[in-house]
Every structure is written in structure tokens, then in C-alpha cells.
Amino acid sequence: MKQGAAVMLLMLIAWPAHAGPMTLADIVERVLATHPDLTISRLDTSIAGTETQRISGTLDPVITARLGVSDEKIPTLSDFQASQTRFGQVAAGVSKPLASGGTLSAEIDYNRTNLGFNSPFASNLARFNPAYRNEISLSYRHPLLRGAGRPEYHEALAAAQADIEAAGLQQQVIAQNLSLQALDLHFQLISDDVNIRLAEQTVERARRLLAYQHRREKFGLVEASDRLQAEALLAARQLELEQAKARRAANQTALNRLMLRMPDAPLTIALTPEYRNPPAPDFVTALEKASKNRPELKALNSQLQAAEARLLQVRDTERVQLDIVAELGSRALNDSAGKAFQQGFSLNDRYAALSLEVSEVVGNNAANASIRNAELTRQRVMAEKTRMQELIKDDLAVAITTINTTRATLARARKREKAERLKFEAEIQRYREGRSDTA
């Protein structure tokens, strides 16, 4: 955690201070380069990547070794019974799970047994004392039903890879959301700057009107109430200007923090001379493009693949355990340590077996619960995908409607602005020519 914080601090220190107005591209680049949500998402992707290594490790061979000695004294009823047993053992084994589902094992057990008797005569009758034994065994277990094809490996690996893909796509979702926030705040600041300029113009017009009313009041052309109305209008326009500045300050703070800058850092937006105003796309066409390109849907598709893989994995646990086991081994016994070890690699004395093992869990409640959980998880992802598709439809419908209505609104707003300007100029001209100049 401390290392991550230090890296983030170094990024902020190394990030050059932006001089002059910032374009939309500058803002988005800064947000995507420094925002901690993307750093967390990248770590989530790396964490998901470790799962594939863990699953691949289930096929790693397992090596075991044992080295031990023992000394046992037991009561006897006859002098021909051994009263003491000294035992030394060196054993090793290796087991290798196979991707096909089988398990191959090999073991070697080399030991020495020395018997002690209470009677010297009985001791002389023992042919091999001490006796050296060497046993080498090979076995292969292959599942026929549960575990056939090793679904706990293949399906789990497929699910893990789908999770990695989903985590990577989640980065795109976060980057898209951050870009949309930056885009929204960018245009909010442009709108705030426009509103401030408009408010400043209205304040200036209100001041001009108040000054004009003051002059007219001196000549007795208007009453004090007319001048007070102009003062009230100026106060209202000044309040609107302060409110516009407050909105601008709030949006500037939000955008600065989104870029991990100081809240009161100066921020000037570079205006694009002319934004393109293309016609609104067709709803069906827009929906088709969104369905193909939206990272949210791609991430849900990957999650659905992972859920289906896990469902196949847990369904295998419901099956009966039926394994076929083949074993082959050699046995050697001698009073010489070297000969016993050497004869262990010969099949003169051997052991061969072929068996069929069956096991079943009564009730199978654990497997049924796991299957039910996997099915519900899959259904939830499908429901989430349906919900996301509907949200995308809502977003597209609102965007298309906004584009269409804003076109007409913008045209009417331009006409109104021109009409209001002409009206103001005409009123000023009428007052001057019709009243003030005559007076």
C-alpha cells in the first residue's frame, strides 16, 4: 500500500504543470494517467491473472520423501519370537496429475529390518537378519465418470481466462466513465464561462439603464420608483452573475480534483472554434454499434463465459466416482544391501493388479448446493446483461432526443438573442430620441 502511494505521488510530482488553456484531450489524458480508479483496476487484472498460474499448478508433480528409523521391543511368549525390531527406511515417490484426468504415480521403498531374539539358537535360525527389502511400484488411476477429462482443471482455467478478460474490459469501463465525467465537466465549464459573460453583459446593461434613469430623474421625467426598479434589476443581475461564478467555481473544483490537482488551481478551457453538429443517428443503428463496442457488455459476456465454465465444473461433482486403477511393482528381499537394491529393478518378483473403484456420496447435498449456486450466478449475469442493454437503450434514447431537440432550441436561442439585442437597442434609441433629447 505504501509503495503504491509513493508511485502515485511520484507521478503527480513528475507531471508537468500545464500552462495556458487546456483542451479536452489534455484533460482526458491527465485524468486517465493519474486517476487511482484505473490503478486499482489494473491491479485487479493482475490479481485475476494469478488465478491461471494457480490452476496450472494443479498439474504440477508432487514429490514426497521419507527417511526414518525405529526401535521396538515387544513381550514374547516364545524364544522363537523376535523381541526387538530395528527398522530403517528410505522412501520416495512422485505423483503427476495429467490433463486427461488420470494420475500417474511412482514409489520406491528401501528398508532394513534387524530382529533381536532372547535365544541365541532362535537368532541363528533366522536366515536373513538383518534383511533388506526394496519395493518399486508404478500406478495409474484413470477416472471414467467423475473427473473424466479433468474438468476441475480445464473449466477452471477457462473461467479464470474469462475473468482476466472481464477485468481488462472493466478497465475500459472505468476509463470510459472517467472520460465521460471529464467531458461533462469540460462542457459545463464552457457553459459556465458563457453564462458568466452573459451575466456580465446583463449587469452592464442594467448599470447603463440605472445611469440613464438617474439622469431622467434629475430632469423630472421619471419618478423615484422607476429608478428604484432599475436598482432592483441591477441587484438581481449582480446576483445572477455571482451565482454563475459560484457554479463555475464548483465545476472547476470538481474537474481539478478529477485530474488530482489542487481544488483552487487555475483552470482555463480552450474553446474549439466550431464544434461539428452532425445529425442524430438512427436508434437501431446506434444500438447495434453500442452492442458491439460498449465495454460493459463485453465484460458481462466474459463473466457469462466464466459462469458457464464454473457450472460445468461443479456439475462434474454430481457424478459417481468410478476409477480404473492399474498397478505394477517389483519386490526384492536379500541379506545384502546392494543386491536387494539391484534386484528391486527386476520383475522376477512382481506385483500386478487391475481394479475398479466406485464411490458415491449419499445425499450429495454439497454438490447440489454448488450446482445451484453456479446456476444462480449464471442467471444473475444474464439478468445483469439484460439490465445493461436496457440502460444503453435509455442512454441512446435520451442522447438522440437531446440532439434533435437541442438543434431546434439552439436555433431559437440564436433568434431570441438577436431579437433581445435589437429590442434593447431600440428601447434605448426610443428613450433618447422620443424623450431625453426632446426634454
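Which residue in strand 5 stands opposite Asn-134? The answer is in the first of these close-ups, all taken from a predicted model.

**View 1. Strand 4 meets strand 5.** The residue facing Asn-134 is Ala-332, which sits in strand 5. Zoom out a little and you have strand 4 (residues 131-143) alongside strand 5 (residues 321-334), paired in the antiparallel sense. The pairing runs over 12 bridges.

**View 2. The open sheet of 6 strands.** Strands 4 and 5 belong to an open sheet with the order 1-2-3-4-5-6 and antiparallel pairing. At the edges stand strand 1 (62-73) and strand 6 (350-359). Each of these two has a single partner strand, so one side of each has no neighbour in the sheet. On average, neighbouring strands here are turned by 15° against each other, with direction ignored.

**View 3. Tyr-110 against Phe-341.** The model has 2 aromatic pairs by the ring-centre rule, and this is one of them: Tyr-110 with Phe-341, edge-to-face. Centre to centre the rings are 5.8 Å apart, and there are 85° between the planes. Tyr-110 comes from strand 3 (residues 103-117) and Phe-341 from helix 9 (residues 337-343), so the contact ties together parts that are 231 residues apart in sequence. As for solvent, Phe-341 is partly exposed, at a relative accessible area of 39%.

**View 4. Phe-341 again, now with Phe-345.** Here the ring centres of Phe-341 and Phe-345 lie 5.4 Å apart. Their planes are at 75°, and since over 60 degrees counts as edge-to-face, that is the label this pair gets too. Phe-345 is exposed, with a relative accessible area of 57%. Put the ring pairs together and you get a cluster of Tyr-110, Phe-341 and Phe-345.

**View 5. Helix 5 crossing helix 8.** The axes of helix 5 (residues 151-218) and helix 8 (residues 295-315) come within 8 Å of each other. They cross at roughly 165°; angles over 145 degrees count as roughly antiparallel, so that is how helix 5 runs relative to helix 8. The crossing of helix 5 past helix 8 is left-handed. What classes of residue make up the contact of helix 5 with helix 8? There are 13 nonpolar residues, along with 6 polar and 7 charged ones.

Notes: Residues numbered from 1 in each chain as written. Predicted model: local features only at pLDDT ≥ 70, side-chain atom pairs only at ≥ 80, totals over all residues. Heavy atoms only, no water. Phe/Tyr/Trp six-rings, centres within 6.5 Å; stacked < 30°, edge-to-face > 60°. Helix = DSSP H or I, 4+ residues; strand = E, 2+ residues; numbered from the N terminus. Buried < 20%, exposed > 50% of the residue type's maximum accessible area, 1.4 Å probe, protein only. Pairing = 2+ DSSP bridges. Axes fitted to C-alpha atoms, helices over the stretch in contact; angles between N-to-C directions. Parallel < 35°, antiparallel > 145°, perpendicular 65-115°, else oblique. Left-handed = near helix turned anticlockwise from the far one by under 90°. Nonpolar A, V, L, I, M, F, W, Y, C, P; charged D, E, K, R; others polar.
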